[in-house]
Every structure is written in structure tokens, then in C-alpha cells.
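Got the fold open in your viewer? Here's a quick tour of its sheets and a few residues worth a look.

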Amino acid sequence: MPTLPSILLENVTLRRGGRVVLDAVSLDLSERRVGLIGTNGSGKSSLVRLLNGLLSADAGRVVVHGLDAREQAGELPGKVGFIFQNPDHQIIFPTVAEEVAFSLEQAGRPRRQAREEAVPALARFGRAHWAERPVHALSEGEKQYLCIIAVLVMQPEVIVFDEPFSNLDLPTRRRLEALIATLPQQVVMIAHELDAFAGYDRVVWLHEGRVRGDGAPDEVVGAYRAFAEGMA
């Protein structure tokens with residue numbers, strides 16, 4: 001498998017609300033599929049928000065596929081797509097076509113061209129029949145799928161998933177996992193469903209803002225399971 005451009009964190013420290021949430025974290029992530037695990041409050045969501053400029057490190061350096069997160073923050077959204085846990089926090093427009101057209105505008109299309117390309121873009125994903133559907137009429141799984149389409153049309157190099165399965169039933173989750181598996185982009189995913197990392201190249205375990213485990217999924221997930229069971 002060819003090596004991808006890396007996501008590099010060098011001695012990254014991040015404080016939020018007077019608390020250190022990441023403490024001198026260093027990682028070089030060049031694998032195609034990377035999982036992030038850890039208990040609530042371990043720093044996972046804060047870490048991935050550094051990758052597209054939603055947060056800025058207090059110390060250290062973040063470089064995403066050649067872009068310095070501090071010096072080139074304005075270019076990060078075009079490089080890193082982000083799928084939130086709750087699609088209602090991501091979707092802005094009332095219809096599916098409008099949402100996709102907005103993403104195309106964000107990718108640089110003039111407004112008229114973006115509107116013309118929205119339905120063909122949906123058709124590439126087999127969802128042209130969704131074009132005029134009100135977003136509120138979509139199921140949770142369909143909304144999450146729409147968010148993924150809206151990110152993919154921007155052609156990012158990295159896609160971050162922050163707990164994408166939390167509100168989904170098992171069949172819908174399996175369909176989305178299958179979709180994610182086909183994506184050509186580098187994927188960084190946070191999930192509490194530990195079996196979701198089967199087939200991943202690497203899993204990083206964060207605990208209290210530091211890297212506690214890093215390596216093959218079976219090894220790191222196994223250690224985390226034992227730790228979590230000991231806390232129960």
C-alpha cells in the first residue's frame with residue numbers, strides 16, 4: 001500500500017477552558033485508515049479539530065498534507081473534510097440539492113454552476129432522486145450520507161469522522177461503514193464502537209490528553225478494552 005502524505009503533530013499542547021486537553025502530543029499519521037479511541041474527555045475531538053483549523057494549538061506544530069495549520073489555516077477546510085457526530089449540526093440548507101450546491105460553491109464553483117452541478121453530483125452517488133427532498137424528511141442515516149456526499153464533492157484529501165455512528169441503527173451503520181471503506185481519501189475516525197476499526201491500518205488511544213497506545217488495531221483495542229473493563 002503506498003504511503004500517503006502525513007498528518008504530523010509535533011509536541012502539540014492545547015488548552016481549553018483553562019484545562020490542558022492535549023499534552024505534548026506527537027504523531028506522524030501516514031496510514032490510509034486511522035482510528036482514535038479513548039474515554040470521554042481524553043482529547044480525541046480536540047485533536048481532530050486541530051486538523052481543519054477549528055481549533056489552534058497553544059504550543060507545537062500541526063502539518064496536514066503539507067499545510068501548516070497555523071500559517072495556512074485558511075487552506076485547511078479545502079484539504080480536510082469533517083463529518084460531525086450529529087448531522088443536524090452540519091446541514092445548513094432546507095433541501096438536499098441546496099446543501100450539495102453550497103459545498104460546490106465552497107469548492108470554488110460560481111453559484112449558478114454549483115446549482116447546475118448539484119443533481120449530477122448526487123447522481124454519482126446514486127442519490128439524484130433526493131435532490132428536491134427536504135432535509136428534515138431524511139432519516140438520521142440518510143442525513144449522515146448527505147453530509148458525506150457534501151464533503152466528497154469538495155474533493156478533500158483527508159476526511160475526519162467524529163463518532164459518525166452514534167445515532168444510527170446497526171443496518172444503517174453497516175451501510176455507512178461499507179461506504180467509508182471505499183473512500184480513496186485518508187480517513188481519521190473517532191468511534192466508541194470498537195469493532196468499527198476492523199481492517200484499519202492503525203489505532204491511536206488517547207488518555208488524559210496523552211498517547212497511551214499506538215499501533216495495530218487488535219493490539220491497541222485489546223489493551224483499551226482491558227483498561228475500560230478495569231475501570232467498570
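What follows covers two sheets, then some individual residues.

A quick note on ground rules: this is a predicted model, with local features needing pLDDT of at least 70 and side-chain atom pairs counted only at pLDDT 80 or more, while totals for chains, interfaces and linings use all residues. Residues are numbered from 1 along each chain as its sequence is written, and side-chain values use heavy atoms, with hydrogens and water left out.

Let's start with the open sheet of four strands, which runs 2-1-4-5 with antiparallel pairing. Strands here are DSSP runs of E with at least two residues, helices are runs of H or I with at least four, and both are numbered from the N terminus; two strands pair if DSSP finds at least two bridges between them. The edges belong to strand 2 (19-29) and strand 5 (67-68); each has a single partner strand, so one side of each has no neighbour in the sheet. Between strand 1 (residues 7-16) and strand 2 there are seven antiparallel bridges, and Leu-9 has Leu-27 in strand 2 as its bridge partner.

Two residues in these strands have positive phi without being glycine:

| Residue | Place | Phi |
|---|---|---|
| Asn-11 | strand 1 | near 50° |
| Ala-24 | strand 2 | near 55° |

Ala-24 is also partly exposed, at 42% relative accessibility (buried is under 20%, exposed over 50%, partly exposed in between, with a 1.4 Å probe and protein chains only).

Now for the other open sheet: six strands in the order 6-7-8-3-9-10, with mixed pairing. Strand 6 (80-83) and strand 10 (210-215) take the edges, each with a single partner strand, so one side of each is left free of a sheet neighbour. From one strand to the next, the twist averages 20° (axes are lines fitted to C-alpha atoms, for helices over the stretch in contact, and angles run from 0 to 180 degrees between N-to-C directions). Strand 7 (residues 158-162) and strand 8 (residues 186-190) pair in parallel over five bridges, with Phe-161 opposite Met-189 in strand 8.

Helix 6 (residues 170-182) packs on this sheet, touching strand 3 (33-37), strand 7 and strand 8, and its direction makes about 135° with that of strand 3. Contact means heavy atoms within 4.5 Å. Helix 7 (residues 217-231) packs on the sheet too, touching strand 3, strand 9 (202-207) and strand 10, at about 30° to strand 9.

Finally, is Asn-52 buried or exposed? Asn-52 is buried, at 12% relative accessible area, and sits in the loop between helix 1 (44-50) and strand 4 (59-64). Leaving aside residues up to four places away in sequence, Asn-52 touches Leu-76, Pro-77, Val-80 and Phe-82.
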